[in-house]
Amino acid sequence: MQPSLTAMLPIPLVDLRAQYQRIKPEIDAAIQRVVDSGQFILGPEVEALERELAAYCGTKYAVAVASGTDALELSLRACGIGPGDEVMTTAFSFFATAEAIISVGAIPIFVDIEPATYTLDPAALEAAITPRTKAILPVHLYGHPCAMTEVARLAKTHRLTVIEDCAQALGATYQGRRVGSLGQAGCLSFYPSKNLGGYGDGGMVVTNDATVAEQVRLLRTHGSRQPYHHLTVGTNSRLDELQAAVLRVKLRHLDAWNEARRRHATSYGEAFRRAGIDQALGLPQQRPGCQHVYALYSIRSRQREHLKQRLIMQGIGCQVAYPTLLSEQPALAGASRQAHPWPTATTIAQEILSLPLYPELTAEMIDRVADTLAQAISTR
Ligand SMILES: *Cc1c(COP(=O)(O)O)cnc(C)c1O
């Protein structure tokens with residue numbers, strides 16, 4: 001059989017141009033609408049996006065901010081977390097999770113993860129509670145919800161605030177409820193490569209708590225409600241109208257895109273089985289009652305570095321998220337008070353590898369990734 005032409009093309013980790021090509025008329029019209037309006041910061045598009053995302057997440061309020069990092073930091077501040085407070089979070093996440101805790105003056109307490117979902121291990125969480133613990137910051141890593149029933153139980157018993165880092169998980173559900181609606185506040189990121197990505201930076205806080213919403217609203221505009229009257233010291237963390245207009249177009253497609261991601265994840269599993277390597281690779285798992293949205297499709301292998309090289313040689317994008325635990329980051333040396341062991345996170349950081357996954361991926365591409373991995377495994 002003739003190899004098809006597309007068999008030669010590189011397969012990127014994500015392909016935002018392919019997505020744009022499919023929704024170009026809608027996006028172009030939305031951008032033009034904003035440019036014509038002459039209003040660029042916190043206008044009607046942002047307000048509409050806030051209403052639409054609150055409805056989507058199942059929360060009463062949503063407040064748009066400039067990034068996911070700001071959503072975390074301003075949520076912590078709005079919930080009264082500050083100097084000396086301990087905030088428990090995962091040892092295995094993007095740096096911003098820890099950075100937000102430190103930037104409000106609080107102390108991150110890093111906790112180990114579950115081997116099946118790579119999210120916070122509730123038993124480790126419980127063991128890390130001290131009299132100074134004020135909050136839990138669960139991260140729904142790769143698009144899979146944390147064990148929120150256990151998180152909520154601990155929060156209730158010990159009177160802790162729960163702030164969800166949903167930067168990778170918009171649309172994921174936990175027992176039928178969307179992430180972001182399960183704690184005091186949910187933090188979204190619209191970084192371009194996230195499941196709902198803008199054409200620049202952006203973020204949002206979703207919450208059912210009127211006071212938290214009001215506080216974040218105040219903090220994002222220099223602590224003022226009316227011009228030149230400042231009630232508190234906040235910051236500049238506003239979303240712009242162009243981002244909001246683009247995001248509103250994309251939000252209409254989000255469920256279909258997340259559905260496509262789930263289909264591709266299933267197809268990867270089937271392709272690995274056909275190639276006889278499904279047992280050799282640790283495949284992503286979905287906890288019963290959870291819906292995964294596969295922001296990243298991450299496999300595990302002890303031959304991670306070898307597989308990574310072979311994929312790159314074949315023009316297939318891949319990524320290690322994350323090679324280093326938060327607790328081991330040079331910037332955080334000494335920032336965390338306790339030296340808990342993180343055996344699972346340590347192993348996962350050595351073995352994890354994310355493969356290309358985006359809605360526009362084709363069956364042919366998935367087969368090529370599987371074949372490349374199968375060859376790499378047999379040539380070891
Ligand atoms: C992307 C991300 C953030 C930060 O979001 P930005 O919009 O890039 O500031 C925070 N936490 C996690 C887990 C992320 O993946």
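Helices (H or I, at least four residues) and strands (E, at least two) are DSSP runs, numbered from the N terminus. The structure is a predicted model, in which local features need pLDDT of at least 70 and side-chain atom pairs count only at pLDDT 80 or more, while totals for chains, interfaces and linings use all residues. Residues are numbered from 1 along each chain as its sequence is written, and side-chain values use heavy atoms, with hydrogens and water left out.

**View A. The loop that holds Tyr322.** Tyr322 is found in the loop between helix 9 (304–313) and helix 10 (343–351). The peptide bond joining Ala321 and Tyr322 is cis, with omega of about 15°.

**View B. The loop that holds Tyr142.** Strand 4 (133–137) and helix 6 (148–158) are linked by the loop in which Tyr142 lies. Although Tyr142 is not a glycine, its phi is positive, at about 65°.

**View C. The shell around the ligand.** The ligand is surrounded by 14 residues (each with a heavy atom within 4 Å of it); the closest are Gly68, Thr69, Asp165, Ser189 and Lys194. Helix 3 (68–78) and helix 4 (95–103) each contribute at least two residues to this shell. By class, the shell has four nonpolar, eight polar and two charged residues. Here Ala, Val, Leu, Ile, Met, Phe, Trp, Tyr, Cys and Pro count as nonpolar, Asp, Glu, Lys and Arg as charged, and the others, Gly among them, as polar.

**View D. Polar side-chain atoms beside the ligand.** An N or O atom in the side chain of Thr69 is 2.5 Å from an oxygen atom of the ligand. A nitrogen atom of the ligand lies 2.8 Å from a polar side-chain atom of Asp165, and an oxygen atom of the ligand lies 2.8 Å from a polar side-chain atom of Gln168. Taken alone, the ligand exposes 380 Å², of which the protein buries 93% (accessible areas by the Shrake-Rupley method with a 1.4 Å probe).

**View E. The salt bridge between Glu50 and Arg217.** A salt bridge is a side-chain nitrogen of Lys or Arg within 4 Å of a carboxyl oxygen of Asp or Glu, and by this rule the count comes to 19. In one of them, the side chains of Glu50 and Arg217 meet at 3.5 Å, N to O. Because Glu50 lies in helix 2 (residues 44–57) and Arg217 in helix 7 (residues 210–220), the pair ties together parts that are 167 residues apart in sequence.

Note on methods:
A polar contact is a pair of N or O atoms within 3.5 Å; within protein, one must be able to donate a hydrogen and the other to accept it, and residues adjacent in sequence count only if both atoms are side-chain atoms.
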